[in-house]
Amino acid sequence: QGKIKKEIQEIKTGLQVDRINAFEMSGDHLKAAEGYEKFVDQATSPREKEIALSNAFEAYVKTSDPSSVKRISQVWIHKFPKSARASEAIRGAATRYLVEEKYETSSELFLLLGNATQDPLPFETAARILLGAGKTESAIEHMDTFDRKFSRSTRRGAMARRLGWVYFKQK
C-alpha cells in the first residue's frame, strides 16, 4: 500500500509541475508563481522546496509585482538563510529595481539581504539608494542601523563620513 501511495503522490506532483509549466509557457507568470508557492508546501525535500521558491521568485519578478517579490524573498531567505542562490537572486532583483527607478523596493530588498546575511554592504547600498532618492530620514535611519550592527566593519568610516555629510547638508 505504501508503494501505491508513493506512486500516486509522484503522479500528482508530475501533474502539478506540468500545469505550472503550461502557465509559464503561456506567459501567465502570476499563475505559475502561485503554483510554485503551493508546491513549496507539498515538496518533500529541502532541495525541492528551494527550487520551487526560486522558480516562484523568478516568476514574480517577471510579473513586475514588487510586493510579491518582497514577500517571496522574505519566505525564501527565512527558510534558507545560507542559500547563495537566494542571496544572488534577491541582489539581482534589488539591482533590477534600482535600474527601473523603484528605489523603495530596491532598498527594501537590499536591507532584507543585509539582515539575512549579516553583510554590511547591502545595508550601505540601501542607505545610499535612499539618500540618492531624497529619502533622507530613511537613509539616516539605515546608516544608524549600519553603525550599530557593523561597528567592526571596514566600511564603518565611509558610512560615518556619509552620515556626517548628510547631517551637515541638512543644516
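These are my notebook entries on the core, one helix, one pocket and one serine of a predicted model.

**Ground rules.** I number residues from 1 along each chain as its sequence is written, and I work with side-chain values that use heavy atoms, with hydrogens and water left out. As the model is predicted, local features need pLDDT of at least 70 and side-chain atom pairs count only at pLDDT 80 or more, while totals for chains, interfaces and linings use all residues.

**Entry 1: the core.** I looked up the largest nonpolar core (buried Ala, Val, Leu, Ile, Met, Phe, Trp, Tyr and Cys residues joined through side-chain atoms within 4.5 Å; buried means under 20% relative accessible area with a 1.4 Å probe, protein chains only). That core has 35 residues, and Phe 57, Val 69 and Trp 76 are among those with the most contacts inside it. Helices α2 (29-42), α3 (46-63), α4 (66-79), α5 (84-99), α6 (103-117) and α7 (120-132) each give two or more residues to it. (Helices are DSSP runs of H or I, at least four residues, numbered from the N terminus.) The biggest giver is α3, with 7 residues. I also noted a second, separate core of 5 residues, including Leu 130 and Met 143.

**Entry 2: helix α3.** Which residues does Phe 57 touch, not counting those up to four places away in sequence? I found Val 69, Ile 72, Ser 73, Trp 76, Ala 89, Ile 90 and Ala 93. (Contact means heavy atoms within 4.5 Å.) Among the buried residues of α3 I listed Glu 50, Leu 53, Phe 57 and Tyr 60. Their cover includes α2, α4 and α5. I checked the length too: at 1.5 Å a residue, the 18 residues of α3 should span 26 Å, and the end C-alpha atoms are 26 Å apart, which agrees. (The expected span is 1.5 Å times one less than the number of residues.) Just after α3, Ser 64 takes a positive phi of about 60°.

**Entry 3: the largest pocket.** I got about 170 Å³ of space for it. Its lining includes Lys 6, Glu 10, Phe 39 and Glu 48. Helix α1 (2-25) and helix α2 each supply at least two lining residues, and α1 gives the most, with 4 residues.

**Entry 4: Ser 107.** Is Ser 107 buried or exposed? Ser 107 counts as buried because its relative accessibility is 2%. I placed Ser 107 in helix α6. Leaving aside neighbours within four places in sequence, Ser 107 is in contact with Ala 126, Ile 129 and Leu 130. Leu 130 is also in that second core.

Terms used. Buried means under 20% relative accessible area, exposed over 50%, partly exposed in between (1.4 Å probe, protein chains only). On a 1 Å grid over the protein atoms alone, a cavity is a set of points where a 1.4 Å probe fits but cannot get out, and a pocket is an open set with protein on both sides within 12 Å along at least five of seven lines; lining residues have an atom within 4 Å of a point. Grid points are joined across faces, edges and corners, and a volume is the space filled by probe spheres set on the points.
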